[in-house]
Amino acid sequence: MDLAFIPSPSVGVVHLGPIPLRGYAFCIIIGVFVGVWLGNKRWIQRGGRSGTVADIAVWAVPFGLVGGRLYHVITTYEPYFGKNGHPLDAFKVWEGGLGIWGAVALGAVGAWIGCRRRGIPMPAYADALAPGLALGQAIGRWGNWFNQELYGKPTDVPWALKISSDPAIGRIGGTYHPTFLYECLWCIGVAALVIWADKRFRLGHGRAFALYVAAYCAGRAWIEYMRVDEAHHILGLRLNVWTALIVFVLAVVYLVVSAKRAPGREEVVEPGALEERAAAEAAAAESAASDSDAATEADDADGGDGAEAPAGKAPAAKSAAEAEAEDEPEAVDAAAPSADADAKPAGSGSTKKS
């Protein structure tokens, strides 16, 4: 008897009238928004404009969705083009089935188009977006939980995932390894690793993105090995395990070669962005200085209207004109007797005839 397990949702879709609200789609959408949000913050820190990441994502996201679906349909073609397959089901993205390898590959093509239109170096954009991609994948993996798909081998560990039976699709009920949760936690760790390494070593020229790819592939290889869903095998290994190993090697090679050929980090990632920011900061400083001068003039005007001088300030010195005006009555009074003595009427004193 299982004492503890992770329950699966009874339904993966809720209908709001005629509109179906699917948990899988919501996880993908939320993952995209989180990835763009974090990518935008990192892009601004690198010296780019706010909103540029979202503008380029308008190209990258649709390409990524198409690429992810194409990879899934090509590598798992039997339900669509095999015996008793339904080709139109290949368009039902909401039912699950997005290969991350195809999503990243074709999404990069869309990002390249967007970067070319904005005159932005593609490697710098990829570096800024790398941790956001990992977090977006972590959130998107919960869509598999809503669809009760892509789980691992049977287990009775306390964190086992409870899967309900569905004879229509051959699903056997029981408790299994929650590989969706393992990959979610791994992707969060990858995002943290890339952010730390980027700050510590100032990764540039696509090396932060390469680190994300290598770290993700390392985890995906062992997680993929645990899964029990049907898949093509090559030399005893699942196709996605081989894909993870090959892409891991390519990412490591790029890290080594890039570090030798282009050490350091790009100084300019978006033309004109630094100049605009400097101009905006200068304008803000000038505005603050003008406000400070206006406040100082207002304080001086208040001090000249007879109000008491501010505490700690000595009264203003009297002007020379004011001092002369105050001393003038005393000078007049002192000079009055002398004037009276000098101004005697004619004939008031005795005179001698010549």
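**Exercise 1. Decide whether Asp300 counts as buried or exposed, and place Asp300 in its surroundings.**

At 54% relative accessibility, Asp300 counts as exposed, since buried means under 20% relative accessible area, exposed over 50% and partly exposed in between (1.4 Å probe, protein chains only). The model is a predicted one, in which local features need pLDDT of at least 70 and side-chain atom pairs count only at pLDDT 80 or more, while totals for chains, interfaces and linings use all residues. Residues are numbered from 1 along each chain as its sequence is written, and side-chain values use heavy atoms, with hydrogens and water left out. Asp300 belongs to helix α10, residues 273–303, where helices are DSSP runs (H or I, at least four residues) numbered from the N terminus.

**Exercise 2. Work out which parts of the chain Glu183 ties together through its salt bridges.**

Begin with the definition: a salt bridge is a side-chain nitrogen of Lys or Arg within 4 Å of a carboxyl oxygen of Asp or Glu. Glu183 meets Arg141 in such a pair at 3.0 Å, N to O. Because Glu183 lies in helix α7 and Arg141 in the loop between α5 and α6 (142–147), this pair ties together parts that are 42 residues apart in sequence. Glu183 is buried, with a relative accessible area of 4%, and Arg141, at 12%, also counts as buried.

Next, Arg220 forms a salt bridge with Glu183, with the closest N and O atoms 3.9 Å apart; this pair links helix α8 to helix α7 across 37 residues. Both Arg220 and Glu183 are buried. Finally, salt bridges that share partners join Arg141, Glu183, Arg220, Glu224, Arg227, Asp229 and Arg238 into one network.

Terms used: Helix = DSSP H or I, 4+ residues; strand = E, 2+ residues; numbered from the N terminus.
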